[in-house]
Amino acid sequence: MSGTKINPDLQKERNTATFNPDEFTVWWNGGPKKYEQIKALEQNFLNDPELKDDLPISYMSHKEHYEHSVRKAVRIAEKIREIRNNGEDNVETYNALLGGSLGTALLKEGNPMSLHFVMFVPTIMGQGTVDQQVEWLPKAWDCSIIGTYAQTELGHGTFLRGLETRADYDVKTQEFVLNSPTLTSYKWWPGGLGHTANYAVVVAQLYTKGEFRGLAPFIVQVRDEETHMPMPGIDIGEIGSKLSMKSVNQGYLGFKNVRVPLNNMLMKNQQVLPDGTYVPPKTSVLTYGTMMFVRVALIRDAAMALAKASTIACRYSAVRRQSPIDPNEPEPQIMEHTIQQLKVFPIIAKAIVFKANGENIWNMYNNISDEIEKGALERLPEMHALSCCLKAICSSDSAAGIEVCRLSCGGHGFMDCSNFPTLYGMATAVCTYEGENTVMLLQTARYLVKVYGQALQGVKLVPTVAYINDAINNKEFHRFDGSLESIVKAFQFVAANKVRIAYERMEQRRKQGHGPEVSANLCGIELTQAADLHGRAFLASSALFELRNLSSQVSQALGDVLKVVLELYLVDACLNRLGDFLRFINLTDNDVSQLELRLQSCLKRLRPNAVAMVDAFGIHDRILDSALGVFDGNVYEKMFEEAKKSPLNKEPVNQSFHKYLKPFMRANL
């Protein structure tokens, strides 16, 4: 990755590795074929001179940043078009360039055209009729139009039924009339809406024959295709600067008597006939599709975010020397401090577990999507519930893990050149978009309470919640022996009891005369806790299966390291939920002491392979984009190089000295 001399401390760490990092890198990237494709894609885009930044974007004005981002976004889209014309594109290509690690390397704060590919095109594919796809997809794929997806409003986000934008069908003209009746009904947040897109899929309340029919998606032209001026009746602009995602050009959108043709309503699942007759969808669950796809992708993205953060923190911990452990010895690498290992190593383990789970969920999603296409909808609620809680857990754990890694790097982690500010900003944004995390947990909890009631009636539950059947049949947890299997079963037992408590308290509220919605509100704490434990039980179970399976397929050297990673993840996860474990399982003081000692043992055993493990993530320096995490370990040289790029360092004396400081300092002479 670098032709410069490797920092000797970092090289020493690599020399202690007991496994070949390249073997793990191939698995991390999806196998030999996908790994080759990823490397070819990186070479194609990272070596393009038009996609390199001479000036760090943090020194650009808001306007300069947007214009710079559009230029690069267009270049990326041109190269995507070339790849597609050569027949070399696939879902992974779009994931990598628009939401994945390569995309964030090219556009650090997001791509203003990402929603065109990630939401506009997939929505037409998923909710448009064949005729509508024929009409709109060629334009969208060729980027002769640029679209976005306008659902969230100023006053409502995750609660879709609260959306206020109206679409009234005019039978005389066979058009829909769109209006924003209130300020809170303005669309707010869609990426690219500010000044980039000229079309949008707009989700609005549908009214025909004076009756409310539910929500429906409409293709609406928001800007002129030639001049890019707003269309008549369209009030549009950008919402302003944010904590992160500063390149995405999120916008607002209001309507005043905007007319769109009948055929601009996407009608694969529901229809409006020319006379205004409404034909409802066969089932409301079909609307889950696009949202599930994005949430499943976000679970995989969380793994990469933690991989980046732990790579930076681990390499820096090998290079930074500070605070003697033995007063008679020189300052050690801070990685020698046990507490530093406790900060960084569990994040490495969590990245690997999230990756394994992400692939597992991705395969599950694809299998269930195939079943849905064939009309089998039985497992759709299960998949919806699982994707909701895992999106919430993985995104919140990712943001928290990045912050821990930043803190592990001391003051230097606070600098933009560490890349932690951007990593954290992008990660914490995921906690809100595509379903705010608390609401996601509540959606999962509703499903769990429902299946708990079914289990009480003797119904055999689907695989991901089958542990509830077991807990109902076995009220006591058999002796906790500290094995990894025992930890997983304990997670499931605790999760089942959390679901039981939520179910019982909901029933108590109903018996007190409260309706289901009020009962759910009063039991919100119990419900979210149940969903959180359900997700963590799934992560633990899946980690045990996936990493053990992987350990048996790779070399013994790598397999041994992965066993330590698995043990570290499960023991750490158990200790982090110790209060719940103690509540439902008869853990002794010795049981807890043994878990704490095993955690320390895992840290010690992973120590010789820690740097090799993060090297094995295979993250290119351009993608990592961190002075603290460079592959060659020359951290201080890189930090100084980045400091020199500050525009304030281009002149020895800034004009503010003569204008303000000097007169102030001389005033009393």
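## Fold, cavity and selected residues of a predicted model

Among the contacts in the protein between residues at least 6 apart in sequence, 74% join residues at least 24 apart, a contact being defined by heavy atoms within 4.5 Å. The model is predicted, so that local features need pLDDT of at least 70 and side-chain atom pairs count only at pLDDT 80 or more, while totals for chains, interfaces and linings use all residues. Residues are numbered from 1 along each chain as its sequence is written, and side-chain values use heavy atoms, with hydrogens and water left out.

The protein has 24 helices and 11 strands, taken as DSSP runs numbered from the N terminus, with H or I over at least four residues for a helix and E over at least two for a strand. Its radius of gyration is 27 Å, close to the 26 Å that the globule rule gives for 669 residues, so the protein is as compact as a globular protein of that length; the radius is taken over C-alpha atoms, and the rule is 2.2 Å times the number of residues to the power 0.38. Along the principal axes, the C-alpha atoms fill a box of roughly 90 × 80 × 65 Å. Buried residues make up 54% of the 669 residues, where buried means under 20% relative accessible area, exposed over 50%, and partly exposed in between, with a 1.4 Å probe and protein chains only.

A search of the whole structure finds 1 cavity of 30 Å³ or more, a cavity being a set of points on a 1 Å grid over the protein atoms alone where a 1.4 Å probe fits but cannot get out. The largest cavity holds about 30 Å³ of space, the volume being that filled by probe spheres set on grid points joined across faces, edges and corners. Its lining, meaning residues with an atom within 4 Å of a point, consists of H62, Y66, E238, K246, S247, V248 and N249.

L178 is found in strand β3 (residues 175-179) and is buried, with a relative accessible area of 0%. Leaving aside neighbours within four places in sequence, the contacts of L178 include R166, V202, V220, F255 and V260. The C-alpha atoms of L178 and F45, 133 residues apart along the chain, are separated by 41 Å.

Two loop residues other than glycine have positive phi values.

| Residue | Phi | Loop between | Relative accessible area |
|---|---|---|---|
| S323 | near 60 degrees | α9 (288-319) and α10 (338-373) | 38%, partly exposed |
| D625 | about 55 degrees | α22 (621-624) and α23 (635-643) | 33%, partly exposed |

Notes. 1 Å grid on protein atoms, 1.4 Å probe; cavity = no way out; pocket = protein on both sides within 12 Å on 5 of 7 lines; lining within 4 Å.
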